Amino acid sequence: MTQNIVQQKISMVFKSAIDKKSIFKNKRVLDISYIPDNILHRDSELYEISKILSVSLKNERPSNVFVYGPTGTGKTLVVDYVCNELLSVARENKLSVHYVYVNAKLKRIADTEYRLVSHIANELGEHIPFTGLPTDVVYSRFLNKVESLNGVLIIVIDEIDYLVNKIGDRFLYTLTRINQDLYNTKVSIIGISNNLNFTEYLDARVRSSLSEEEVVFSPYNAIQLRDILEDRSKKAFYEGVVENSVINKCAAIAAQENGDARKALDLLRVSAEIAERNNEYKVKEYHVDLAQKKIDYDRFIEVVKTLAQHQKLTLFAVLDLLLSKDVGFKVHTGDVYDKYVSLCNRIKKTPITQRRISDIINELDILGIINAKIKNLGRYGRTREVSLANSKDVYEKIYNLLKNDLYL
DNA sequence: AGTCCACAGGAAGGGCAGGCGA
DNA sequence: TCGCCTGCCCTTCCTGTGGACT
């Protein structure tokens with residue numbers, strides 16, 4: 001095909017994208033970050049959190065709140081909604097109430113104590129460099145900024161369990177004690193977590209002050225998910241685009257996966273995108289099946305792409321050992337390391353130590369890319385048994401992707 | 001009961017890069 | 001420009017683990 005014909009084809013694709021009628025009226029409604037006017041099936045949680053935070057309008061410190069529940073149960077949405085409502089009431093009445101949201105799982109935000117404090121301070125308008133200052137200087141600039149607010153500050157830390165895992169609970173201890181060092185500002189913390197048991201690992205003092213109040217979010221059932229999807233799809237699509245059976249199917253699949261509304265919305269959105277790409281004006285059940293496969297695969301590929309080179313080499317070594325074998329076959333850390341070293345030699349790269357590769361295998365397991373279980377083999381030592389966590393066809397695609405990427 | 005294996009994983013520290021303030 | 005600080009990735013050294021084997 002000549003270059004000219006390719007260009008013509010590309011221009012046709014873009015032109016038809018403009019001419020083609022979209023099935024979406026407002027796609028953003030299906031986005032997880034979208035805050036709807038009415039939050040369904042979370043009345044008691046909305047009320048409970050509002051009640052706790054309402055004292056800030058009298059310039060009193062609200063209790064710290066620990067919010068927990070499985071993924072996609074509306075925790076962040078509800079907290080964000082209540083805080084925004086609170087801010088607008090405070091603004092109307094010219095009260096000094098402030099709110100900072102931190103998602104600890106976002107890279108380069110809460111990886112270290114320094115980054116977390118500087119992030120919160122930056123959100124409050126105090127510019128602190130990305131790196132370079134001693135931590136105590138960052139703390140004191142943060143404290144000065146908080147003090148200058150002269151009111152109530154609510155700090156929401158989403159995925160707080162991840163934060164504690166990463167940097168320990170020292171920072172939480174400092175935060176929960178911060179009011180002792182402040183005269184003009186009262187600080188309240190809302191911690192959000194998927195992990196119900198994570199407070200067990202906290203220092204007892206941190207645990208008790210963080211959990212002054214607890215709000216539990218239970219999973220949505222299929223009927224509640226259907227209501228949510230129906231509500232959103234009315235706003236997201238033109239009439240008649242989505243069949244009822246599609247909504248029911250998305251709701252049923254998400255209900256099986258721990259009542260995750262995020263998953264349900266993703267499924268609906270991706271199903272519609274697939275239909276639209278195939279020039280179909282109606283979203284049907286088989287689009288949902290395709291969407292489910294696509295979501296799983298995309299998530300996997302995205303994670304693999306972000307890996308560092310030695311992580312990619314380790315993963316490649318695992319795949320090289322396992323793909324030719326039967327499903328369920330397992331290899332040990334030592335086998336993976338030997339393979340990894342031979343791959344390094346092939347591309348003339350200095351291998352890193354087995355100690356580090358052991359950590360990398362653990363990291364790949366945490367990311368859900370492979371399964372790695374510690375196994376005692378008696379006289380034959382203690383090692384990790386590494387196996388595949390997904391279907392072989394997905395790994396074959398990843399294998400080829402890595403092969404090109406690593407020039408193997 | 002004692003030994004052995006093949007690591008797991010904690011602790012300490014090195015080297016480098018990025019960024020800041022003086 | 002220089003000294004200082006932090007983050008990140010890695011190494012080295014070390015102790016711990018627990019079931020098979022002797």
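Modeller: Helices (H or I, at least four residues) and strands (E, at least two) are DSSP runs, numbered from the N terminus. The model is predicted: local features need pLDDT of at least 70 and side-chain atom pairs count only at pLDDT 80 or more, while totals for chains, interfaces and linings use all residues. Residues are numbered from 1 along each chain as its sequence is written, chains are lettered from A and ligands numbered from 1 in the order in which they are written, and side-chain values use heavy atoms, without hydrogens and water.

Biologist: Which helices each supply at least two residues of the surface near DNA strand C?

Modeller: A residue is near the strand if one of its heavy atoms lies within 4 Å of it. There are 20 residues around DNA strand C, and T112, R115, H310, T353 and G378 come nearest. The helices that each supply at least two residues of this surface are helix 4 (113-123) and helix 15 (354-366).

Biologist: How many residues of the surface near DNA strand C are charged?

Modeller: Asp, Glu, Lys and Arg count as charged; Ala, Val, Leu, Ile, Met, Phe, Trp, Tyr, Cys and Pro as nonpolar; and the others, Gly among them, as polar. On this surface, five residues are nonpolar and nine are polar. The number of charged residues is six.

Biologist: What percentage of the atoms of DNA strand C within 4 Å of the protein belong to sugar or phosphate?

Modeller: Bases account for the rest of these strand atoms. The share that belongs to sugar or phosphate is 75%.

Biologist: Which residue has a polar side-chain atom 2.5 Å from a phosphate oxygen of DNA strand C?

Modeller: For R356, an N or O atom of the side chain is 2.9 Å from a phosphate oxygen of the strand. For Y380, the distance from a polar side-chain atom to a phosphate oxygen is 3.5 Å. The residue with the 2.5 Å separation is T353.

Biologist: How many salt bridges does a search of the whole structure find?

Modeller: A salt bridge requires a side-chain nitrogen of Lys or Arg within 4 Å of a carboxyl oxygen of Asp or Glu. The search of the whole structure gives a total of 16.

Biologist: Why does the salt bridge of K27 with E273 tie together parts that are distant in sequence, and how many residues apart are they?

Modeller: The closest N and O atoms of K27 and E273 are 3.0 Å apart. K27 lies in the loop between helix 1 (3-19) and helix 2 (43-53) and E273 in helix 11 (residues 261-277), so the pair joins parts whose separation in sequence is 246 residues.

Biologist: Is E273 buried or exposed?

Modeller: Buried means under 20% relative accessible area, exposed over 50%, and partly exposed in between (1.4 Å probe, protein chains only). The partner K27 is partly exposed at 36%. With a relative accessible area of 15%, E273 is buried.

Biologist: Which residue forms a salt bridge with D405?

Modeller: The N to O distance in this salt bridge is 2.7 Å. D405 lies in helix 16 (residues 392-405) and its partner in helix 13 (residues 309-322), 93 residues apart. D405 is partly exposed at 37%, whereas the partner is buried at 12%. That partner is K312.

Biologist: Which residue meets K339 in a salt bridge?

Modeller: The N to O distance is 2.9 Å. K339 lies in helix 14 (residues 333-346) and the partner in helix 13, so the pair ties together parts 19 residues apart in sequence. K339 is partly exposed at 23%. The partner, partly exposed at 22%, is D320.

Conventions: A polar contact is a pair of N or O atoms within 3.5 Å; within protein, one must be able to donate a hydrogen and the other to accept it, and residues adjacent in sequence count only if both atoms are side-chain atoms.
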